[in-house]
Amino acid sequence: MSCAIAFSIYSYTFIQCILIPQKKEKIVFYTTLFSLAVNIVLDLLLIPVWGIAAAAVTTIIAEGITLLICLFHAKRSVHLYMDIRNIFSVLAGCIGIVAICLLCKKMSTPVMRVALSVLFSVPAYFSMLYILK
């Protein structure tokens with residue numbers, strides 16, 4: 001899910017800072033509808049097979065599609081310098097958070113799981129950003 005959050009933050013930035021100020025609300029609307037349709041169709045296909053994990057995967061896919069479409073239209077409107085290394089470091093940090101949360105899943109109490117996930121995820125994320133800087 002942390003990858004979906006990263007995709008969502010990037011697409012929100014493109015929407016709010018580039019597309020809407022340039023009066024391209026229709027593009028944002030149709031992109032959101034398309035992403036919604038993809039998410040619903042994939043949910044219907046994958047949840048019976050993978051269970052609840054499919055909902056997370058389909059959300060990541062739908063948010064990724066939103067990001068790519070918004071990025072495409074934003075690049076057509078303004079010149080964007082995209083540092084692929086920066087995007088990679090954020091995604092690597094998100095993957096690190098997922099790994100830590102999966103490791104903490106084995107803890108017995110929910111409070112311990114959340115506490116340890118937060119305690120280890122924050123330094124892991126920022127150290128990943130620093131290492132891949």
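These are my notebook entries on the fold of one protein chain and on two of its helices.

Entry 1, the model. I am reading a predicted model, in which local features need pLDDT of at least 70 and side-chain atom pairs count only at pLDDT 80 or more, while totals for chains, interfaces and linings use all residues. Residues are numbered from 1 along each chain as its sequence is written, and side-chain values use heavy atoms, with hydrogens and water left out.

Entry 2, the whole chain. I looked up the secondary structure and found 5 helices and 0 strands, where helices (H or I, at least four residues) and strands (E, at least two) are DSSP runs numbered from the N terminus. The C-alpha trace spans about 50 × 40 × 20 Å along its principal axes. Of the 133 residues, 29% are buried, meaning under 20% relative accessible area with a 1.4 Å probe, protein chains only.

Entry 3, helix α3. I noted that α3 covers residues 53-77 and reaches 37 Å from its first C-alpha to its last, close to the 36 Å expected, which is 1.5 Å times one less than its number of residues. Its buried residues include A54, T58, A62, L67 and C70.

Entry 4, α2 against α3. I found that helix α2 (residues 25-50) packs with α3 at about 155°, their axes 8 Å apart; axes are lines fitted to C-alpha atoms over the stretch in contact, and angles run from 0 to 180 degrees between N-to-C directions. The two are therefore roughly antiparallel, the word for angles over 145 degrees.

Technical notes
Buried means under 20% relative accessible area, exposed over 50%, partly exposed in between (1.4 Å probe, protein chains only). Angles under 35 degrees count as roughly parallel, over 145 as roughly antiparallel, 65 to 115 as roughly perpendicular and the rest as oblique.
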